[in-house]
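This report introduces a protein structure to a reader who has not met it before. Please keep the sequence and the model at hand while reading.

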Amino acid sequence: MAPGYQAPFAERIRRDAAVMTGAVGLITQPAQADQIVGSGQADAVLIARELLRDPYWPLRAARELGQTVSWPPQYLRVAPEGSPLRHSTR
């Protein structure tokens with residue numbers, strides 16, 4: 001099975017049924033996930049096993065894709081230099 005092998009199914013359901021879809025299936029790289037959502041194949045990408053392997057995958061993905069993400073106060077001291085603090089919305 002190739003990476004993202006189920007994304008075409010999500011794309012077809014999204015198009016034919018006009019509903020939001022999520023793609024799954026060996027999506028392991030941030031650029032791959034970005035391409036799936038950016039091209040309109042799916043509205044979201046679900047990363048199950050890869051998140052078990054790397055619980056910081058979302059933070060690594062943001063860094064690799066050049067996005068700045070805010071960090072919870074308890075993690076700020078291990079965040080990359082210059083990372084913004086996440087403020088509570090309560």
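## A buried acid in a helix

In which helix is Glu-50 found? This is a predicted model, and in it Glu-50 belongs to helix α3, which covers residues 49-53. With a relative accessible area of 13%, Glu-50 is buried, and once its neighbours within four places in sequence are left aside, it is in contact with Ile-27, Thr-28, Trp-57 and Arg-60.

The side chain of Glu-50 also meets that of Arg-53 in a salt bridge, with N and O 2.9 Å apart. The two residues are separated by about one helical turn, because they stand 3 residues apart in helix α3. Their surroundings can be set side by side: Arg-53 counts as exposed at 58% relative accessibility, whereas Glu-50 counts as buried at 13%.

## Salt bridges around helix α1

The count of salt bridges comes to 6. Side chains of opposite charge can pair when their charged atoms come close. One such pair is Asp-16 and Arg-12, whose closest N and O atoms are 2.9 Å apart; these residues lie 4 residues apart in helix α1, and so about one helical turn separates them. Both Asp-16 and Arg-12 are exposed, and together with Arg-15 they are linked in a network of salt bridges.

Another salt bridge joins the side chains of Asp-43 and Arg-14, at 3.0 Å from N to O. Because Asp-43 lies in the loop between α2 and β2 while Arg-14 lies in helix α1, this pair ties together parts that are 29 residues apart in sequence. Asp-43 is partly exposed, with a relative accessible area of 27%, and Arg-14 likewise counts as partly exposed, at 31% relative accessibility.

## The two sides of helix α2

Where do the buried residues of α2 fall, seen down the axis of the helix? These residues are Pro-30, Gln-32, Ala-33 and Ile-36. They fall within an arc of 165 degrees, and therefore they line one face of the helix. On the other side of α2, Ala-31 and Gly-38 are exposed, while the buried residues are covered by elements that include α1, β1, β2 (44-45) and α4 (57-64).

Ala-33 gives a detailed view of the buried residues in α2. At 9% relative accessibility Ala-33 counts as buried, and, apart from neighbours within four places in sequence, it is in contact with Ile-27, Val-45 and Trp-57. Ala-33 and Ala-44 are 11 residues apart in sequence, and their C-alpha atoms are 8.4 Å apart in space.

## Positive phi angles in the loops

Most residues other than glycine have a negative phi. Ala-18, although not a glycine, has a positive phi of about 55 degrees; it is found in the loop between α1 (7-17) and β1 (22-23), and it counts as exposed at 66% relative accessibility.

Leu-26, also not a glycine, has a positive phi of about 60 degrees, and its place is in the loop between β1 and α2 (30-38). Leu-26 is partly exposed, with a relative accessible area of 39%. Just after α2, Gly-40 takes a positive phi of about 90 degrees.

## The segment after α4

Is Ser-83, which lies in the segment after α4, buried or exposed? At 18% relative accessibility, Ser-83 counts as buried. Leaving aside neighbours within four places in sequence, Ser-83 is in contact with Trp-71 and Leu-76. Ser-83 and Ala-23 are 60 residues apart in sequence and 29 Å apart in space, from C-alpha to C-alpha.

Technical notes
Residues are numbered from 1 along each chain as its sequence is written. This is a predicted model: local features need pLDDT of at least 70, side-chain atom pairs count only at pLDDT 80 or more; totals for chains, interfaces and linings use all residues. Side-chain values use heavy atoms; hydrogens and water are left out. Buried means under 20% relative accessible area, exposed over 50%, partly exposed in between (1.4 Å probe, protein chains only). Contact means heavy atoms within 4.5 Å. The arc is that of the directions from the helix axis to the C-beta atoms. A salt bridge is a side-chain nitrogen of Lys or Arg within 4 Å of a carboxyl oxygen of Asp or Glu.
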